[in-house]
Amino acid sequence: MNTMLAGRLHVPGATFRVEEVPIPEPGPGEVLIEVKAAGVCLSDVHLIDGSLKPFVPVETVTLGHEVAGVIHTLGPGLLGDWAPGMRVALQAGQSCGRCANCAMRRAPCLSPHTRGVDYDGGWAAYALAREDTLAPIPDHLPFDQAAIIPDAVSTPYAAIVDTGAVRPAQAVGVWGAGGLGIHGIRLARLAGAAPVIAVDPLAGARDRALTFGADLALDPADPDFTAAVRRATGGRGLDAAFDFAGAPAVREQAATVLHRGGIMVLAGLTPHPLTVTDGTRFSWNRNEIRGHYGSSPEHVGQLIRLAAMGRLDLGPSITDHLPLADAAEAVRRLEQKAGDPIRLILVP
Ligand SMILES: [Zn+2]
Ligand SMILES: [Zn+2]
């Protein structure tokens, strides 16, 4: 039997191993992808530590929802004009095919499945992909940069351009300058936001935020924080505040520096309650709070175009490459923030 290496999560007991598994065969409407690059995300860390569970009950699953590679084998019954050798990134999830909307062939799917969580992902030499999850990439876009577009870049992109609807010259604050937030800073700048204010308690993260396009980087614990935001925005405050940290204290602070009509976007996840310290001021200002989750296939397509046309160089987001066999080491480095990685890439 033909086998390959795959980074597998054994869900009961939450254990992770790189092991030999059979190379899968594409079914109807599917292709087999030869994986060239796969990103390591904080949600992979959370799957392995057991704090995040697959939505679909599965015993074992190959991790990896940020994947790029080339089409290796075509399955039967494909609708598209696909050919072996074509370079593609893979959407980080797919519609369930069973919910009320899917049954009526309407978008959006009400219970989308995530690649590398609910079904086998790309921490493997080969991965299956349904053809509606293939996003072609041009020859000059490197596989590692293409791989991280679904999720690491597309989630903050959708938060900035859709949920937050950032317009040129708006004052934007980004709390949390980690893997998602650092892209939020770049994309807010790309959308024309001015100023872009990064907020992070770590000095190293603030320095990096400045190199990634923030006009100003503030420590949230600075007693001068509110005054600094006012100074940077001509006394107005923020038009849009983004929480990429998923922390109650961030939300409480962000709500206090919103301009009239300003909105707060909750892109980081936390199960804890949300506190608005001064409700009267919030109402007087007609402020809004909006939840945000993930992105849609259109966002991935737009980002591939922006990266391909040189508007967005994702090279600086790639911290390091590791062989697939060292997946556990990559997870450890991300979990312990060793070397403060933005994105680590597994290469089969
Ligand atoms: Zn992710
Ligand atoms: Zn569905």
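This is a short tour of a zinc site and a helix pair in a predicted model.

**Stop 1: the zinc ion**

Select the zinc ion (ligand 1). Which protein atoms are its donors? They are Cys41 (SG), His65 (NE2) and Asp151 (OD). These donors lie 1.7 to 2.2 Å from the zinc ion. Along the chain, their spacing reads C-x23-H-x85-D.

**Stop 2: Cys41 and Asp151**

Now select Cys41 and Asp151. Cys41 sits in the loop between strand S3 (30-40) and helix H1 (42-48). Asp151 belongs to helix H4. The two residues therefore tie together parts that are 110 residues apart in sequence.

Are these two buried or exposed? Buried means under 20% relative accessible area. Cys41 has 8%, so Cys41 is buried. Asp151 has 17%, so Asp151 is buried too.

**Stop 3: helices H4 and H5**

Stay with H4, and show residues 149-163. Add helix H5, residues 181-190. The two helices pack at an angle of about 50°, and their axes are 9 Å apart. H4 and H5 are therefore oblique to each other. Their crossing is right-handed.

**Stop 4: the contact**

Show the side chains where H4 meets H5. Which residues make the contact?

- From H4: Ala152, Val153, Pro156, Tyr157 and Ile160.
- From H5: His183, Gly184, Leu187 and Ala188.

Colour this contact by residue class. The contact of H4 with H5 has seven nonpolar residues, two polar ones and no charged ones.

Notes
Residues numbered from 1 in each chain as written. Chains lettered and ligands numbered in written order. Predicted model: local features only at pLDDT ≥ 70, side-chain atom pairs only at ≥ 80, totals over all residues. Heavy atoms only, no water. Axes fitted to C-alpha atoms, helices over the stretch in contact; angles between N-to-C directions. Helix = DSSP H or I, 4+ residues; strand = E, 2+ residues; numbered from the N terminus. Parallel < 35°, antiparallel > 145°, perpendicular 65-115°, else oblique. Left-handed = near helix turned anticlockwise from the far one by under 90°. Contact = heavy atoms within 4.5 Å. Nonpolar A, V, L, I, M, F, W, Y, C, P; charged D, E, K, R; others polar. Donors = N, O, S within 2.8 Å, 3.2 Å for Na, K, Ca; no water. Buried < 20%, exposed > 50% of the residue type's maximum accessible area, 1.4 Å probe, protein only.
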